[in-house]
Amino acid sequence: MIVVVAVALVVVVLWFTLGVRAKDLPEPEPVSPIKHLEDKKARIYESLRDLNFEFRVGKLSDTDYQRTKTELQKELAGVLADIDKAAPAPAPASNTKQDPLVCPHCKARFDKPMKFCGQCGKAMETRS
Ligand SMILES: [Zn+2]
């Protein structure tokens with residue numbers, strides 16, 4: 001009898017909790033195009049952590065550990081490469097950032113930003 005009551009209680013509590021949660025849930029977050037890749041990366045990191053732990057407690061042989069670790073790292077490298085491909089690099093332009101005081105054509109430098117180069121006469125402004 002007690003078991004039945006306990007089970008019923010658990011079911012009610014679970015139903016209540018899940019019911020409330022589903023209702024309170026905000027609309028799904030905007031899904032990032034690399035969300036699944038990020039998830040995959042997180043899973044691999046977790047696996048690596050688990051693997052390290054199992055190795056340390058002696059559940060894995062050294063060869064098993066090395067082999068699995070290599071496989072995971074290979075997978076991780078693939079996922080990271082996919083993320084790099086999927087996500088446009090945040091600021092590739094920062095490397096080639098145009099100095100507004102330097103002419104992009106003749107590299108003449110001026111004290112203040114100008115529309116046209118005083119040296120070669122070409123437009124100083126480049127697409128920003
Ligand atoms: Zn110039």
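What pattern does the chain follow, read along the sequence? The answer is α-α-α, and the chain has three helices and zero strands. Please keep in mind as you look around that this is a predicted model. Of the 128 residues of the chain, 4% count as buried.

**How H2 and H3 meet**

- Helix H2 covers residues 35–56 and helix H3 covers residues 62–86; their axes come within 10 Å and cross at roughly 160°.
- Angles over 145 degrees count as roughly antiparallel, so H2 is roughly antiparallel to H3.
- The crossing of these two helices, H2 and H3, is left-handed.
- On the H2 side, the contact is made by Leu37, Lys40, Lys41, Ile44, Ser47, Leu48, Leu51 and Phe55.
- On the H3 side, the residues of the contact are Tyr65, Thr68, Lys69, Leu72, Glu75, Leu76, Val79, Leu80, Asp82, Ile83 and Ala86.
- Sorted by character, the residues of the contact of H2 with H3 come out as twelve nonpolar, two polar and five charged.
- If you are wondering about spacing, an α-helix has 3.6 residues a turn, so residues three or four places apart point the same way.

**The length of H2 and what follows**

- H2 has 22 residues, which at 1.5 Å a residue should span 32 Å.
- The end C-alpha atoms of H2 are 32 Å apart, and this agrees with the expected span.
- After H2 comes glycine 58, which has a positive phi, near 85°.

**Proline 33, in the loop before H2**

- You will find proline 33 in the loop between helix H1 (2–24) and H2.
- Is proline 33 buried or exposed? Proline 33 counts as exposed because it has 9 C-beta neighbours inside 10 Å, and the exposed class takes residues with 12 or fewer.
- Proline 33 also pairs up with a residue of the H2–H3 contact, isoleucine 83: the two are 50 residues apart in sequence and 9.4 Å apart in space, C-alpha to C-alpha.

**The segment after H3**

- Two residues to look at here are glutamine 98 and lysine 107.
- Glutamine 98 has 13 other C-beta atoms within 10 Å, so it is partly exposed.
- Between glutamine 98 and glutamate 125 there are 8.9 Å in space, C-alpha to C-alpha, and the two are 27 residues apart in sequence.
- Lysine 107 is not a glycine, yet its phi is positive, at about 65°.
- Lysine 107 counts as exposed, because it has 11 C-beta neighbours inside 10 Å.

**Contacts along the chain**

- Among the contacts in the chain with a separation of 6 or more, 35% come from residues 24 or more positions apart.

Terms used
Residues numbered from 1 in each chain as written. Predicted model: local features only at pLDDT ≥ 70, side-chain atom pairs only at ≥ 80, totals over all residues. Axes fitted to C-alpha atoms, helices over the stretch in contact; angles between N-to-C directions. Helix = DSSP H or I, 4+ residues; strand = E, 2+ residues; numbered from the N terminus. Parallel < 35°, antiparallel > 145°, perpendicular 65-115°, else oblique. Left-handed = near helix turned anticlockwise from the far one by under 90°. Contact = placed C-beta atoms within 7 Å. Nonpolar A, V, L, I, M, F, W, Y, C, P; charged D, E, K, R; others polar. Buried ≥ 20, exposed ≤ 12 C-beta atoms within 10 Å, placed from the backbone. Expected span 1.5 Å × (residues − 1).
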